[in-house]
Amino acid sequence: MKDSNDPVEPGNAADKAAGKAVGGAKGPDELRQQIQETRGQLGDTVEELAAKADVKARARARGAELKGKASEAGHAVQDKATEAGHVVQGKAVEAGHVVQDKAVQAGHVVQDKAVQAGHVVQSRATQAGHAVQDNVPQPVRTAVTNAVQAGKRHPRPVLIAGAGVVVAAGLLRRRHNGHRHNGRH
């Protein structure tokens, strides 16, 4: 705290008012008026000093200012992140279309290759069929043709005979496997 004997800082409003009062008032009314002005100036000065001394209020004001700046910065970051998300999404969609187009093209290539392979297999099967047909003796061809036509006319006996063949083959196989299995032990 300042001592009342300390030198007064020049330019202070209270000091100027005190100088006027000491400088000589011409009467009691003028002196009262100077005292009133000095009190007003001192009140203003005290308010200024109190505002400077109110650390909590200054800290709150500074905190509010920083909070506003941080909020603005947060919004800017959020806007940039949203924009970047849209860019990434656009690129992903574009890449998806490229992959889809390539998959369609690959599917067409595979389909074409499968058709070509089917034609090759069909051609070879036809050639093999003709080769077998050409090499099978005529009496065998005639017998097979007659058996097929008889099967078409009377399918039930053919089915019964076929079922009998399947059962007989199964029994023979089981019997054959049973002998092999016992022979190993």
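How many helices and how many strands does the secondary structure of the protein chain come to?

**Figure 1. Overall secondary structure of the protein chain in a predicted model.** The secondary structure comes to five helices and zero strands, and, read from the N terminus on, the elements follow the order α-α-α-α-α. Of the 185 residues in the protein chain, buried residues make up 3%. The accessible surface of the protein chain comes to about 16,200 Å², and carbon and sulfur atoms account for 60% of that surface.

**Figure 2. Close-up of a nonpolar patch on the surface, formed by Val-140, Val-144 and Val-148.** Together, these three valines have about 230 Å² of accessible area. Val-144, one of the patch residues, lies in helix H4, which covers residues 138-153. Val-144 counts as partly exposed because its relative accessibility is 49%, a value that falls between the limits of under 20% for buried and over 50% for exposed.

**Figure 3. Close-up of Val-158 in helix H5.** Helix H5 spans residues 155-184, and Val-158 is found within this element. With a relative accessibility of 45%, Val-158 is therefore classed as partly exposed.

**Figure 4. Close-up of the pair Val-158 and Ala-147.** In sequence, Val-158 and Ala-147 are 11 residues apart, while in space their C-alpha atoms are 9.1 Å apart. Val-158 is the partner described above as partly exposed, at 45% relative accessibility, and it belongs to helix H5.

Conventions
Residues numbered from 1 in each chain as written. Predicted model: local features only at pLDDT ≥ 70, side-chain atom pairs only at ≥ 80, totals over all residues. Heavy atoms only, no water. Helix = DSSP H or I, 4+ residues; strand = E, 2+ residues; numbered from the N terminus. Buried < 20%, exposed > 50% of the residue type's maximum accessible area, 1.4 Å probe, protein only. Areas by Shrake-Rupley, 256 points an atom, 1.4 Å probe, with all protein chains shown as cover. Patch = residues over 30% accessible without salt bridge, like charges linked within 9 Å, V, L, I, M, F, W, Y side chains within 5 Å. Salt bridge = Lys/Arg side-chain N within 4 Å of Asp/Glu carboxyl O.
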